[in-house]
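Reader: Before I set up any calculation on this entry, I would like a close look at a single part of it, namely the surroundings of the ligands. Please set that part in the context of the whole chain, and tell me where the coordinates deserve caution.

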Amino acid sequence: MSTDEKVNEVSADTGDQDPITPSSGNDATSQADEDGATGPIILFFIVGLIASLIVGWVIFPQLLYSQKRQPVGFNHALHNEEVDNECESCHFFREDGTYSGVPKLAQCIECHEEVQGEDPEEAKFVNEYVAKGREVPWLIYSRQPDNVFFSHVAHVKTAQMECVTCHGNIGESESLKVYEENRISGYSRDIWGKNIAGFKRNSWDRMKMDDCSECHVKENINQNSVQTLKGGCFVCHK
Ligand code: HEC
Ligand code: HEC
Ligand code: HEC
Ligand code: HEC
Ligand code: HEC
């Protein structure tokens, strides 16, 4: 009897299982239910991902940087044709080796005593600055914080480097680009980088401490000099 019962039990068990296993109908519906749930979940995930990417890569950088126009437009390409000594006519080294940087009004006056053309930017420049004897408050794209020491002589004269390496094509441009200021740090975007993820396509895309050091190490300048090591802090910091 007991064995019969066991057999019965077993058969009953298999009998129980049988209807479930082959009944693909049930399975299909339960799977369909799952699909119905994963679809929206994946969609939801993708929408959320895209939204956060847009916030992180497009909106955040726009909020992070305020855009400022230069006080006066300036066409480098046009002026390079007019002057005798190319860049040096306006950006020159003084006797003591220091760099004049951005030109002063005095360097413009020989040609802009009065308005000579039709250009509204020239009229603005002459009327608002030359006539009133006010220096133009140019925004310096490459401005480093006060604690950084940088010397043009070492790079341009001694190391014979091109302006383009660090400044890009500003010197050949037809108009001055918009100046972007980091709202938190106050740095220019030319220092903190064009790309928020930190990718750098050109040597002038960013000029943070690591970018200075990267070149100093690569150029192998005075291997035994402190300036090739980040350890030599006082080469660049005063
Ligand atoms: C007629 C004068 C003049 C000549 C010539 C001239 N520049 Fe300039 N340059 C200016 C003025 C004015 C500015 C100020 C705009 C500014 O703040 O960026 C400037 C700004 C710059 C800057 C941007 C500095 C910064 O970080 O803001 C660079 C780089 C530069 N010039 C490179 C050159 C090069 C390279 C040449 C030669 C191919 C050249 N310039 C010729 C007048 C001149
Ligand atoms: C060697 C002569 C010369 C010098 C020096 C010079 N300019 Fe000019 N500048 C010109 C000429 C020529 C024009 C074109 C005028 C026209 O016909 O519209 C011009 C045009 C301009 C214009 C209008 C076009 C533009 O660039 O957007 C501005 C602004 C200007 N100059 C600013 C300056 C400033 C600032 C300096 C000093 C850093 C300066 N110039 C030095 C000759 C000169
Ligand atoms: C090795 C990189 C490098 C090279 C090469 C270089 N510069 Fe600069 N330049 C800088 C840095 C960094 C600053 C900012 C300095 C600071 O804020 O103390 C600067 C600042 C300037 C300024 C603004 C200075 C001011 O305060 O008025 C001008 C103009 C300029 N450079 C023009 C040039 C020109 C023209 C050349 C080519 C003859 C050149 N630079 C080559 C890195 C470079
Ligand atoms: C693309 C290469 C390059 C970049 C970028 C660069 N440098 Fe240099 N730097 C050099 C070279 C090459 C020398 C050596 C010049 C020489 O032979 O005296 C040098 C020398 C110097 C010196 C002079 C050291 C001395 O003992 O006279 C200082 C200061 C300096 N760099 C600071 C900086 C700072 C600050 C930055 C970033 C804002 C910077 N450099 C970016 C290549 C670079
Ligand atoms: C090759 C030049 C160079 C050397 C060497 C160097 N620095 Fe810098 N450092 C910079 C420049 C350029 C900046 C400004 C740009 C930035 O914040 O990355 C800076 C910024 C900094 C800042 C941030 C300051 C601020 O206002 O955000 C600190 C802190 C600093 N440096 C510490 C050091 C120390 C410590 C060393 C030595 C171990 C050192 N640096 C060596 C070029 C240099």
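Author: Of the 238 residues of the protein chain in this predicted model, 4% count as buried, a class that requires 20 or more other C-beta atoms within 10 Å of a residue's own. Among the contacts in the protein chain with a separation of 6 or more, 61% are made by residues 24 or more positions apart. The protein chain holds 10 helices and 2 strands, and along the sequence these elements follow the pattern α-α-β-α-α-α-α-α-β-α-α-α.

Confidence should be considered before the ligands. The mean pLDDT of the protein chain is 81, with 80% of its residues at 70 or more, but the values vary between elements: helix α1, residues 2–20, has the lowest confidence, at a mean of 45, while α7 has the highest, at 94. Over residues 1–30 the pLDDT is below 50, and this stretch has 0 contacts in the model beyond near neighbours in sequence. Residues 223–228 also have a pLDDT below 50, although in the model that stretch has 13 contacts beyond near neighbours in sequence. Where pLDDT is low, the predicted coordinates should not be read in detail.

Turning to the ligands, I begin with ligand 1, which is surrounded by 22 residues, the closest being Cys87, Cys90, Trp138, Ser142 and Gly171. Two helices, α3 and α7, each supply at least two residues of the shell around ligand 1, and the largest share, 3 residues, comes from α3. By class, the shell around ligand 1 is made up of 13 nonpolar, 8 polar and 1 charged residues. For a reader who intends to assign charges, that single charged residue in the shell around ligand 1 may be a useful detail.

The shell around ligand 2 also has its own list of nearest residues, for among its 22 residues Asn75, Cys108, Cys111, Gly117 and Glu122 come nearest. Here α3 (76–82), α4 (106–112) and α5 (120–130) each supply at least two residues, and α4 gives the most to the shell around ligand 2, with 5 residues. In terms of class, the shell around ligand 2 has 9 nonpolar, 7 polar and 6 charged residues. Helix α3 thus appears in the account of ligand 1 and again in that of ligand 2.

Helix α5, one of the contributors to the shell around ligand 2, also contains proline 120. Proline 120 counts as exposed because it has 10 C-beta neighbours inside 10 Å, where the exposed class takes in residues with 12 or fewer. The C-alpha atom of proline 120 is separated by 9.3 Å from that of glycine 73, and the two residues are 47 residues apart along the chain.

For ligand 5, the shell consists of 16 residues, of which Lys208, Met209, Cys212, Cys233 and Cys236 come nearest. The elements that give two or more residues to the shell around ligand 5 are α9 (209–218) and α10 (233–236), with α9 providing the largest share, 4 residues. By class, the shell around ligand 5 has 8 nonpolar, 6 polar and 2 charged residues.

Some loop residues complete the picture. Glutamate 86 lies in the loop between α3 and α4, and its phi is near 50 degrees, a positive value in a residue other than glycine. Glutamate 86 counts as exposed, because 11 C-beta neighbours lie inside 10 Å. Glutamine 160, in the loop between α6 (152–158) and α7 (163–167), likewise has a positive phi, about 55 degrees, although it is not a glycine. Glutamine 160 is exposed because 7 other C-beta atoms lie within 10 Å.

Arginine 143 has its place in the loop between α5 and α6, and with 15 C-beta neighbours inside 10 Å it is counted as partly exposed. Arginine 143 and arginine 189 are 46 residues apart in sequence, while their C-alpha atoms are 10.0 Å apart in space.

Notes
Residues numbered from 1 in each chain as written. Chains lettered and ligands numbered in written order. Predicted model: local features only at pLDDT ≥ 70, side-chain atom pairs only at ≥ 80, totals over all residues. Near = placed C-beta within 6 Å. Nonpolar A, V, L, I, M, F, W, Y, C, P; charged D, E, K, R; others polar. Contact = placed C-beta atoms within 7 Å. pLDDT = per-residue confidence, 0-100.
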